[in-house]
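Biologist: I should like a close look at a single part of this model, namely one strand and the partners on either hand. Please set out the pairing residue by residue where that can be done.

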Amino acid sequence: MHDFLDTASRLLSIGEINEKREHFERVFKAIPSLQAVHSKSQLDLNNIESIFTALEIANVLGKLPGFNKEEISGVIASLKEVIVTTLERTIVFPTIGSHIQPTISYQSFAELIGYLKNLANPALASSVITFNYDIALDVAMYRNGQGPIYGFGPDVSASTPTYLLKLHGSLNWGVISSNGKVQPLTLQEYFKKYRYQGFEEKGTCRIPIGSQLQEYYTNHSDSDLEVAPEPVIVPPTWNKADYHHLLSTIWGLAAKELEDAEYIFIIGYSLPETDAFFRLLYGLGSVGEVPIKKIIVFNTDETGIIEKRFRDMLGPGALARFEYRQISFDKCFNDIRLLFPKRV
């Protein structure tokens with residue numbers, strides 16, 4: 001997230017997003033207006049999460065320097081467009097002929113999920129709780145026959161589901177106009193209608209699924225659903241109460257998975273001071289009868305700041321089982337696998 005806005009600015013400057021230029025320009029007009037806030041209060045104007053949070057609060061207060069009250073909601077809608085477009089233009093998937101493949105690190109992630117379920121002794125059910133909007137893990141799980149199962153929609157009937165619980169929304173989730181419910185566009189549905197026409201043995205492609213949501217349900221779906229043009233994108237911090245009607249089912253499932261968990265692995269998440277939501281989710285969700293055997297945080301931070309945040313959050317029972325490992329995202333999966341011996 002630290003260089004997300006730089007990436008979005010570069011896409012604007014090189015003319016990569018001309019059809020979305022209006023949204024990008026509106027957002028980059030709003031960010032300098034927050035300088036007035038920054039002069040009186042600490043606000044990281046280089047961090048997309050901080051900007052998203054500040055605009056949400058400005059919308060509640062009806063006050064954003066340089067904008068009328070009625071314009072603020074439009075700035076937030078434009079910020080969501082910037083998030084969707086930037087993710088879609090910068091996440092590159094490898095291809096073999098016309099077949100889209102997972103990225104290497106997420107392929108390792110999906111293989112770990114399969115190992116725990118099918119090869120570890122004892123076999124272990126697992127679920128993934130994520131704050132990411134992108135579909136990199138979704139593609140890896142799909143290609144490995146693991147769904148993904150989001151916890152709502154037509155896929156909830158699986159007997160032993162491996163949930164992918166996306167607490168902040170997803171590029172492939174739309175909102176049904178008639179009832180305000182979330183409608184996931186599964187990758188199985190999507191790839192039936194949209195195909196990559198590749199001819200080289202190895203190549204790359206991008207998947208603009210968020211930008212195609214409304215088109216899919218208008219032109220390709222067997223249902224008569226009308227879906228809003230923007231995906232479900234929930235702000236990463238502050239008050240999520242306005243979004244509870246959309247995602248409360250997912251949040252409840254995440255709490256239940258934490259309650260039942262013997263092992264909790266936290267990969268790459270820095271536990272920002274402002275994210276009271278995660279602290280409450282963990283605190284309330286992890287209350288249960290199942291004792292924690294291990295809780296391991298994988299992060300590249302060398303300063304000790306992030307480790308201290310987690311230690312300050314955890315209670316005595318969890319602290320006794322806590323480890324901090326200074327390992328990057330793509331390297332942690334083998335560490336996890338080694339904790340669980342292979343079935344003989």
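Modeller: The model is a predicted one, and the part I have chosen is strand 11 with its pairing partners. Five bridges connect strand 10, residues 263-267, to strand 11, and the two pair in the parallel sense. Within that pairing, Ile 266 has Val 297 of strand 11 as its bridge partner. Strand 11 also pairs with strand 12, residues 322-325; these two run parallel and are joined by four bridges. Here Val 297 stands opposite Tyr 324 of strand 12. Val 297 thus appears in both pairings, facing Ile 266 and Tyr 324. As to accessibility, strand 11 comprises residues 294-298 and is mostly covered, with four of its five residues buried.

Helix 10 may be described alongside these strands. Helix 10 covers residues 244-260, and its 17 residues should span 24 Å at 1.5 Å a residue; the end C-alpha atoms lie 23 Å apart, which agrees with that expectation. The helix nevertheless bends by about 25° at Ile 250. Ile 250 is also one of the buried residues of helix 10, a set that further contains Leu 246, Leu 247, Trp 251, Leu 253, Ala 254 and Leu 258. In an α-helix, residues three or four places apart point the same way, because there are 3.6 residues a turn. Among the buried residues that can be read with this in mind are Leu 246, Ile 250, Ala 254 and Leu 258.

Definitions and conventions:
Residues numbered from 1 in each chain as written. Predicted model: local features only at pLDDT ≥ 70, side-chain atom pairs only at ≥ 80, totals over all residues. Heavy atoms only, no water. Buried < 20%, exposed > 50% of the residue type's maximum accessible area, 1.4 Å probe, protein only. Pairing = 2+ DSSP bridges. Expected span 1.5 Å × (residues − 1). Bend = angle between axes of the 7 residues up to and from the residue.
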